[in-house]
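Thanks for coming. I have one structure to go through today, and I will keep it short. Please have a look at it before I start.

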Amino acid sequence: MKFIVAVAFLAMALAAPQGDKKPIEIVSSNSEMNADGSYSFDFESADGTKVSESGNQKQVAPKPEEIGTVSKGSYSFTTPDGVVLTVNWVADENGFQATGDHLPTPPPMPDHVVKMLADLKAAGLL
């Protein structure tokens, strides 16, 4: 499903009016879809943009029918001022988590909050 969404976004981006800009060439592209539901794909464009993703089916809850796709990947691109930005991400039963040196991060949790969460988890309330 994520592959379809990624391809849809790419198609929309390519279909957008480009003015006098020429299309950016894809210099490499690979994809693999397996019978067990696992997949991977990656591509790189002539402007240095890189995208990579892989995923597989995973039991995400106690019931056998509660299977979901867990994915991980990365993308990088060069900003207009020449800085290469990279985002690494994971999408699993814990949600979508992205990391990158340029992304903001929250301040650390206060010690009393960490202790409270640990106590709630130990009590079976989390």
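I will talk about one strand and its partners, and then about one loop residue. Keep in mind that this is a predicted model.

Start with strand β5, residues 84–92. Its side chains alternate between two faces. Which of them are buried? On one face, L85, V87, W89 and A91 are buried. V84, T86, N88, V90 and D92 point to the other face and are not buried.

Next, the partners of β5. One of them is β4, residues 67–78, and the two strands pair in the antiparallel sense over 8 bridges. Opposite L85 of β5 stands F77, and L85 belongs to the buried face I just listed. The hairpin of β4 and β5 has 5 residues between the strands, and in this hairpin G82 takes a positive phi near 90°.

Strand β6, residues 95–99, is also antiparallel to β5, with 5 bridges joining them. Here the connection is a hairpin of 2 residues. W89, another residue from the buried face, has A98 in β6 as its bridge partner.

Now the loop residue, E25. Where is it found? E25 is in the loop between α1, residues 2–15, and β1, residues 26–33. Is E25 buried or exposed? E25 counts as exposed, because its relative accessibility is 53% and the cut-off for exposed is over 50%.

Exposed as it is, E25 still has contacts beyond its neighbours within four places in sequence: E44, S45 and A46. As for D47, it lies 22 residues from E25 along the chain, with 8.0 Å between the two C-alpha atoms.

That is what I had; questions are welcome.

Conventions: Residues are numbered from 1 along each chain as its sequence is written. This is a predicted model: local features need pLDDT of at least 70, side-chain atom pairs count only at pLDDT 80 or more; totals for chains, interfaces and linings use all residues. Side-chain values use heavy atoms; hydrogens and water are left out. Helices (H or I, at least four residues) and strands (E, at least two) are DSSP runs, numbered from the N terminus. Buried means under 20% relative accessible area, exposed over 50%, partly exposed in between (1.4 Å probe, protein chains only). Contact means heavy atoms within 4.5 Å. Two strands pair if DSSP finds at least two bridges between them.
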